[in-house]
Amino acid sequence: MTQDASHQPYGTPEVPRVAVRGEASLEVDPEIARIGITVSARGTDRRAALDDLTRRNNAVLDLVKSYGDPVEKLETGAFSITPELTRHGRGERVRAYHGRVHLTAELNDFTTLGELTTRLADLELTTVDGPWWALRPTSPAHGEARRQAVLDAVQRAREYADALGARLAALVELADLGAENALPFQAAPGAGMRTMAFSATEDAGAPPLDLEPQRQSVHAQVNARFTMTPPQL
């Protein structure tokens with residue numbers, strides 16, 4: 001039994017195949033920015049430390065929520081109250097209690113981001129980390145990168161065919177790189193991020209920070225296989 005050349009794993013002299021990889025890289029402006037907020041409290045009495053932590057946490061939540069639509073997401077992460085034991089003595093005597101609440105805010109307005117970051121850092125025992133710039137998973141930039149990668153694959157295949165005096169005939173396969181043996185994606189450490197840390201100070205009314213958004217790199221790669229007419233060797 002014979003099999004049609006277009007369905008065979010390799011080409012034939014009558015129906016040769018060309019396999020290429022298409023690539024594309026874009027530099028685009030970020031769409032969102034995330035900041036981490038840590039609220040702290042310390043006291044010799046557990047209840048007093050907890051009350052202070054609750055008050056400061058509510059102040060942070062009220063401030064962030066007051067900005068409305070520019071804040072797309074506000075989430076509370078870890079919460080802890082930790083006793084600090086005395087270093088000396090036989091008994092388990094508590095010297096102080098440390099409380100912390102971690103929050104994450106996501107914003108789409110970078111002018112608001114600079115103002116909010118400054119005001120948060122001005123609050124009592126509040127630390128701000130970030131910003132981390134990013135694109136949304138549904139960003140059109142991802143689709144544009146994939147389209148450009150496909151066009152690059154077609155152009156490469158056409159150039160190979162032209163070099164042999166042939167022309168492309170049909171597309172046989174188009175696949176994401178590694179689609180046959182896909183592994184979970186892991187971003188390189190620090191990719192697409194810019195990190196800064198701010199902590200509360202004694203000064204009031206600090207001017208808003210001028211934060212320059214970090215442009216994001218978007219990459220796409222595809223594998224493509226084509227059939228072509230017999231070359232003129």
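**Contacts, helix α3 and a three-stranded sheet**

Trainee: The side chain of T126 reaches a backbone oxygen at 3.0 Å, and I would like to know which residue that oxygen belongs to.
Mentor: Keep in mind that we are looking at a predicted model. T126 is found in strand β5, which covers residues 126–134. From there, the side chain of T126 reaches, at 3.0 Å, the backbone oxygen of E124.

Trainee: Is T126 buried or exposed?
Mentor: The relative accessible area of T126 is 2%. The cut-off for a buried residue is under 20%. Because 2% falls under that cut-off, T126 counts as buried.

Trainee: With which residue does the side chain of E124 meet in a salt bridge?
Mentor: E124 sits in the loop between α2 (110–121) and β5, and its partner lies in helix α1 (residues 46–65), 69 residues apart from it, so that the pair links distant parts of the chain. E124 is partly exposed at 45% relative accessibility, and the partner is also partly exposed, with a relative accessible area of 44%. The two side chains meet at 3.6 Å, N to O, and the partner of E124 is R55.

Trainee: Which residues are linked with E124 in a network of salt bridges?
Mentor: The structure holds 14 salt bridges, and the pair of E124 and R55 is one of them. This pair belongs to a network of salt bridges, in which E124 is linked with D52, R55 and R56.

Trainee: In which helix do R147 and E144 both lie?
Mentor: The side chains of R147 and E144 meet in a salt bridge at 3.1 Å, N to O, and the two residues are three residues apart, about one turn of the helix. An α-helix has 3.6 residues a turn, so residues three or four places apart point the same way. R147 is partly exposed at 48% relative accessibility, as is E144 at 31%. The helix that holds both is α3.

Trainee: Which residue meets R156 in a salt bridge?
Mentor: The partner lies four residues apart from R156 in helix α3, about one turn of the helix. R156 is partly exposed at 31% relative accessibility, and the partner is partly exposed too, with a relative accessible area of 22%. The side chains meet at 3.1 Å, N to O, and the partner of R156 is D152.

Trainee: Against which strands do the buried residues of α3 pack?
Mentor: Helix α3 has 24 residues and reaches 35 Å from its first C-alpha to its last, which is close to the 34 Å expected at 1.5 Å a residue. Its buried residues include A141, G143, A145 and A149. The strands against which the buried residues of α3 pack are β1 (17–28), β6 (168–176) and β8 (216–228).

Trainee: In what order do the three strands stand in their open sheet?
Mentor: The pairing in this sheet is antiparallel, and the edge strands, each of which pairs on one side only, are β1 and β6. Twelve bridges join β1 to β8. The order of the three strands is therefore β1-β8-β6.

Trainee: What angle does the direction of α3 make with that of β1?
Mentor: Neighbouring strands of the sheet β1-β8-β6 are turned by 30° against each other on average, direction ignored. Helix α3 packs on this sheet, touching β1, β6 and β8. The direction of α3 makes with that of β1 an angle of about 145°.

Technical notes
Residues are numbered from 1 along each chain as its sequence is written. This is a predicted model: local features need pLDDT of at least 70, side-chain atom pairs count only at pLDDT 80 or more; totals for chains, interfaces and linings use all residues. Side-chain values use heavy atoms; hydrogens and water are left out. Buried means under 20% relative accessible area, exposed over 50%, partly exposed in between (1.4 Å probe, protein chains only). A polar contact is a pair of N or O atoms within 3.5 Å; within protein, one must be able to donate a hydrogen and the other to accept it, and residues adjacent in sequence count only if both atoms are side-chain atoms. A salt bridge is a side-chain nitrogen of Lys or Arg within 4 Å of a carboxyl oxygen of Asp or Glu. The expected span of a helix is 1.5 Å times one less than its number of residues. Contact means heavy atoms within 4.5 Å. Two strands pair if DSSP finds at least two bridges between them. Axes are lines fitted to C-alpha atoms, for helices over the stretch in contact, and angles run from 0 to 180 degrees between N-to-C directions.
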